[in-house]
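Grab a pencil and work through the exercises below. Try each task on your own before you read its solution.

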Amino acid sequence: MAQPVLELKQLQTYFFSAQGTRVVKAVDGVTFTLNEGETLGIVGESGSGKTVTSMSILRLLPAAARIVGGEMWFQGENLLTKSEREMRALRGSQLTMILQDPMMSLNPLFTIGEQIAEPLRIHRHMRGTRLVERIKELLRGVRIPSPEVRLREYPHQMSGGMRQRIVGAICISCEPRLLIADEPTTSLDVTIQAQYLSLLKDIQKEKRLAMIFITHNIGIIAKMCDNVGVMYAGKLVERAPVRTIFNNPAHPYTEALLHAVPSLTERTDRLWSIEGQPPDLANPPAGCPFNPRCPKAEDRCRREVPPEFQVGENHYTRCWLWEGR
Amino acid sequence: MDSSPVMAPAGTFAGQPTVLSLSRRVAAKLRGAPLISLGILALLVFTAVFADFLAPHNPEVGNLRLRYRPPAWETRGSAEFILGTDHMGRDVLSRIIYGSRISLIVAVAAVLVAGIIGTTLGLLSGYIGRWVDQVIMRVTDTWLALPPVLFAILLAAVLQSSTWKIPSKWNIVIILGVVFWTRYARVIRGEVLSLKERDYVRLAIVAGCSRLKIMWTHILPNVANSAVVLATLQIGVVIVAEATLSFLGVGVAPPEPAWGLMASEGKAGLMTGYWWLSVLPCLCIMLVVLAASSLGDWFRVWSDPQLRQL
Amino acid sequence: MQRYILTRIFYSFISLILLSITIFGLVRISGDPVILMADPGAKEEDLQALRVEFGLDKPIYVQYGVWISKLVRGDFGKSLYYRVPALELYMSRLPASILLMAVAMTIATLVGIPIGIFAAVRVNTWLDSFGNVFANLGLALPSFFIGLTLMLVLSVDLNLLPSSGSGTIKHIIMPAIALGWVLMASNMRLARSAMLEVLGSEYVKLARIKGLSERLVILKHAFKNALIPVLTFASIQVVLLMNGTVVVESIFAWPGIGRLLVEGINFRDFPIVQTTVLLTGLTIVGVNLLVDILYAYIDPRIHYGQ
């Protein structure tokens with residue numbers, strides 16, 4: 001079995017206020033493994049720590065945040081001990097990320113060609129005609145017609161869907177091993193979403209890319225992912241293969257999430273939502289963070305934070321209900 | 001973490017409001033206010049109001065034999081004239097004290113005039129729209145493009161030789177009002193434009209309220225907040241403008257003790273070592289303007305519930 | 001882009017017309033305009049002759065027409081004090097002011113913008129706070145205060161620089177600093193906020209994700225974008241400069257148009273006042289137009305049309 005592309009063990013990333021008094025535990029003990037060609041979906045509400053996790057992997061955290069614990073291994077190398085220069089060599093070439101908002105991701109003042117050229121120039125030292133040919137090839141790869149014309153154009157001349165595909169082209173330009181997609185289709189029209197997702201999937205199959213797909217949309221998870229991680233209040237409360245998550249959810253939060261998705265076949269009068277609010281990460285409740293809203297919460301849940309328990313093959317959850325089963 | 005609404009009185013305990021004295025509640029609301037600035041401005045108002053009692057000497061009449069006396073802490077200075085005397089033998093301290101009155105009156109009056117004109121025109125422009133809006137906006141754009149000082153001088157020149165004579169203090173108020181109203185008009189108009197789309201305004205229109213009534217009862221109270229914020233921010237600007245105009249000889253006329261005028265009159269004295277004539281009034285201006293600006297900034301954040309959450 | 005430029009030219013033209021109408025109107029409001037344009041001791045016949053010349057017996061739009069046609073031909077009236085055509089006087093003083101403003105603007109730009117950008121990059125550090133204080137002071141203090149302080153310290157106390165007049169580099173330093181002061185503060189503030197906004201943008205994030213060095217991110221991606229709002233500010237800068245120049249030239253006895261204006265009002269020489277204000281307004285409109293056109297070249301969104 002080949003070495004996993006990415007391994008996270010108990011990653012902890014905290015945000016510190018200016019005086020160091022307030023600490024927000026944005027990511028608190030996230031563990032998972034990602035292999036070549038696999039897609040891991042990370043799903044959760046806003047503020048659950050999905051984006052901070054991905055920024056931690058890239059080590060592009062804002063000044064107020066710090067990785068305070070855990071391990072990150074990329075292709076067998078320790079990401080936490082790398083210098084900034086070494087990280088820069090990885091970013092854009094081995095490790096890339098597609099951002100959410102295509103309208104804002106591209107610099108309005110530079111041509112498309114220039115923006116795609118940048119990583120190629122820096123990481124692959126390409127110049128001249130070879131560079132131009134490669135850019136055209138990439139544009140064709142993301143199904144953008146007439147690449148020779150496009151590469152001289154500016155972002156504002158293109159639609160959101162096209163821009164997001166260009167961002168995709170930028171990210172795969174240096175043939176990365178890991179691609180993180182942070183809600184890439186949230187800002188796109190529904191009709192374009194499907195096209196974009198299928199494009200990503202094709203690219204992944206072709207290049208044997210490992211992908212992390214961050215979203216709050218369960219439907220996309222079902223379509224795109226091999227494994228799923230459910231995040232709540234900075235913790236990964238359940239992780240399992242995609243089928244298992246849908247058929248046998250272990251954690252009450254996962255169950256609630258699945259329940260909240262309106263069904264197309266059943267008739268309901270009201271949309272069901274989980275009661276309560278996500279906790280304040282600076283003052284999380286004692287014990288399991290989900291306990292105030294959990295219908296199955298017991299006394300122990302309110303006192304102690306549950307560690308990970310194994311539920312089945314490749315299926316883990318952080319819930320006292322599964323202790324010792 | 002307390003998630004009670006921002007306006008909850010201080011001392012809310014576990015969600016139940018306790019009964020607090022009025023002073024405590026006021027203090028809590030004012031928490032964060034720049035106290036030094038408030039103090040300076042309070043001092044200004046106090047001095048202006050009680051100038052007659054505070055000033056040791058007559059600010060406008062001096063004794064030529066006593067001119068150019070330095071402040072009390074220098075050699076040759078005396079306790080009789082704590083801040084020294086000017087070129088006409090007038091007591092600098094008394095002039096500064098009375099000058100505060102002028103600064104205050106002119107600043108407040110000018111801001112009021114500019115504010116009223118600007119708010120009214122902005123209101124009309126935003127609400128009525130069409131050609132009224134076009135005209136007012138073009139005028140605003142043009143006037144905003146003119147440097148305030150130049151415009152003020154032009155107005156002063158016109159008023160100088162005009163057929164109706166007005167005391168110089170009110171000249172300045174008019175001039176400053178005319179120069180500065182455009183800023184209000186712009187801002188207010190923007191707000192009115194967005195308010196126009198609100199449902200309660202639309203409802204009032206459907207209900208058949210006259211335009212005037214809608215503007216008065218619905219829109220005006222909502223823009224009043226912005227107008228006041230802008231006014232507080234403008235006070236510093238207006239004070240500087242008045243001081244500058246007085247400095248150039250276009251503002252308040254001698255022998256009135258406007259601070260800018262004092263600085264100007266004292267300029268010649270700088271070269272010969274009579275530094276207190278210019279420097280002291282300038283310091284006063286600086287203190288007041290800094291206080292007004294910082295208070296204005298604080299007020300802007302305080303009055304905007306959105307910003308305050310930060 | 002063509003259409004954009006033409007529209008801008010059209011609007012500039014309208015502004016000029018409005019400006020002239022404003023000034024024209026103000027003079028008329030004051031009562032009897034000839035009193036403004038005539039010598040203090042003029043006799044009634046002279047006043048009457050002036051009235052006919054300005055067409056005051058005719059309807060107001062004719063008066064306006066007369067006035068405008070004179071302006072277009074370069075007849076701005078005659079200075080009552082100097083007894084030469086006002087336009088000529090203005091033009092002779094203009095170079096000195098342009099020089100002063102250019103130096104002031106250079107100082108303000110070279111000092112203010114880098115500090116602002118640096119403050120944004122090192123946000124919330126002591127450098128940022130220092131810059132903040134500096135900016136606040138700059139905006140709060142009237143320019144004559146700065147001028148007087150400079151004069152006091154550098155001229156009187158230290159005797160380093162001459163306090164008035166013109167002619168050598170030494171003469172221009174203090175007035176230029178005094179004039180550039182407010183601009184420096186505003187520039188700094190603006191550059192800082194523009195830069196902060198850009199630094200937080202998505203495309204800067206993407207640039208970092210691509211693995212670009214921090215220097216490249218800032219100089220290439222952030223800087224150019226931050227420049228756009230700063231350029232907008234350039235038009236306001238000119239207004240601030242003109243404003244400040246009146247005061248600074250008076251303090252330092254610099255022979256430019258600012259000083260001319262003050263002389264005009266102090267000597268009750270209205271033609272000078274009118275000329276200066278009109279031509280200053282014209283210059284500002286012109287500069288605004290230039291900046292707008294410059295935009296079209298820098299920002300491809302305008303260049304290629306929406």
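What follows is a set of exercises with worked solutions, all on this predicted model.

**Exercise 1. Find out how confident the predictor is about chain A, and where that confidence is lowest and highest.**

Step 1: Start with the whole chain. The mean pLDDT of chain A is 86, and 97% of its residues reach 70 or more.

Step 2: Now go element by element. Helix H3 of chain A (residues 102-105) has the lowest confidence, with a mean of 82. Strand S3 of chain A (residues 39-43) has the highest, at 92.

Step 3: Keep a rule of thumb in mind: where pLDDT is low, don't read the predicted coordinates in detail.

**Exercise 2. Describe helix H1 of chain A and the residue that follows it.**

Step 1: Check how covered the helix is. H1(A) spans residues 50-58, and eight of its nine residues are buried.

Step 2: Name them. The buried ones are A:Lys50, A:Thr51, A:Val52, A:Thr53, A:Met55, A:Ser56, A:Ile57 and A:Leu58.

Step 3: Step off the end of the helix. After H1(A) comes A:Arg59, which sits in the loop between H1 and strand S4 (65-74) of chain A.

Step 4: Look at the backbone there. A:Arg59 has a positive phi of about 55°, although it is not a glycine. Why is that worth a second look? Because most residues other than glycine have a negative phi.

Step 5: Decide how covered A:Arg59 is. It has 18 C-beta neighbours inside 10 Å, so it counts as partly exposed.

**Exercise 3. Do the same for A:Asn314: give its phi, its place and its exposure class.**

Step 1: The phi of A:Asn314 is near 60°, a positive value in a residue other than glycine.

Step 2: A:Asn314 is found in the loop between strand S11 (309-312) and strand S12 (315-317) of chain A.

Step 3: Count neighbours. There are 12 C-beta neighbours inside 10 Å, so A:Asn314 counts as exposed.

**Exercise 4. Work out how helices H8 and H9 of chain B pack together.**

Step 1: Take the geometry. H8(B) (residues 199-206) and H9(B) (residues 211-248) pack at an angle of about 160°, and their axes are 11 Å apart.

Step 2: Turn the angle into a word. Angles over 145 degrees count as roughly antiparallel, so H8(B) is roughly antiparallel to H9(B).

Step 3: Add the handedness. H8(B) passes H9(B) in a right-handed crossing.

Step 4: List who meets whom. From H8(B) come B:Tyr200, B:Val201, B:Ala204 and B:Ile205, and they meet B:Ile214, B:His218 and B:Ile219 in H9(B).

Step 5: Sort these contact residues by class. Six are nonpolar, one is polar and none is charged.

**Exercise 5. Now cross a chain boundary: describe the packing of H5 of chain B with H1 of chain C.**

Step 1: H5(B) (residues 130-145) and H1(C) (residues 2-29) pack at about 80°, with axes 9 Å apart.

Step 2: Angles from 65 to 115 degrees count as roughly perpendicular, so that is the word for H5(B) and H1(C).

Step 3: On the H5(B) side, the contact uses B:Arg138, B:Val139, B:Asp141, B:Thr142 and B:Ala145. H1(C) brings C:Ile14, C:Ser15, C:Leu18, C:Leu19 and C:Thr22.

Step 4: By class, the contact has five nonpolar, three polar and two charged residues.

**Exercise 6. Describe chain C, then what it offers to chain A and to chain B.**

Step 1: Chain C has 13 helices and zero strands. Of its 306 residues, 42% count as buried.

Step 2: Towards chain A, 17 residues of chain C are in contact with 25 residues of chain A. H9(C) gives the largest share of this side of chain C, six residues. The classes are six nonpolar, five polar and six charged.

Step 3: Towards chain B, the contact takes 42 residues from chain C and 41 from chain B. Here the side of chain C has 29 nonpolar, eleven polar and two charged residues.

**Exercise 7. Place C:Ile113 in its surroundings.**

Step 1: C:Ile113 lies in helix H5 (residues 86-121) of chain C.

Step 2: It has 23 C-beta neighbours inside 10 Å, so C:Ile113 counts as buried.

Step 3: Look along the chain. C:Met188 is 75 residues away from C:Ile113 in sequence, yet their C-alpha atoms are separated by 5.2 Å.

Step 4: Setting aside neighbours within four places in sequence, C:Ile113 is in contact with C:Asn187, C:Ala191 and C:Val230.

Notes: Residues numbered from 1 in each chain as written. Chains lettered and ligands numbered in written order. Predicted model: local features only at pLDDT ≥ 70, side-chain atom pairs only at ≥ 80, totals over all residues. Axes fitted to C-alpha atoms, helices over the stretch in contact; angles between N-to-C directions. Helix = DSSP H or I, 4+ residues; strand = E, 2+ residues; numbered from the N terminus. Parallel < 35°, antiparallel > 145°, perpendicular 65-115°, else oblique. Left-handed = near helix turned anticlockwise from the far one by under 90°. Contact = placed C-beta atoms within 7 Å. Nonpolar A, V, L, I, M, F, W, Y, C, P; charged D, E, K, R; others polar. Buried ≥ 20, exposed ≤ 12 C-beta atoms within 10 Å, placed from the backbone. pLDDT = per-residue confidence, 0-100.
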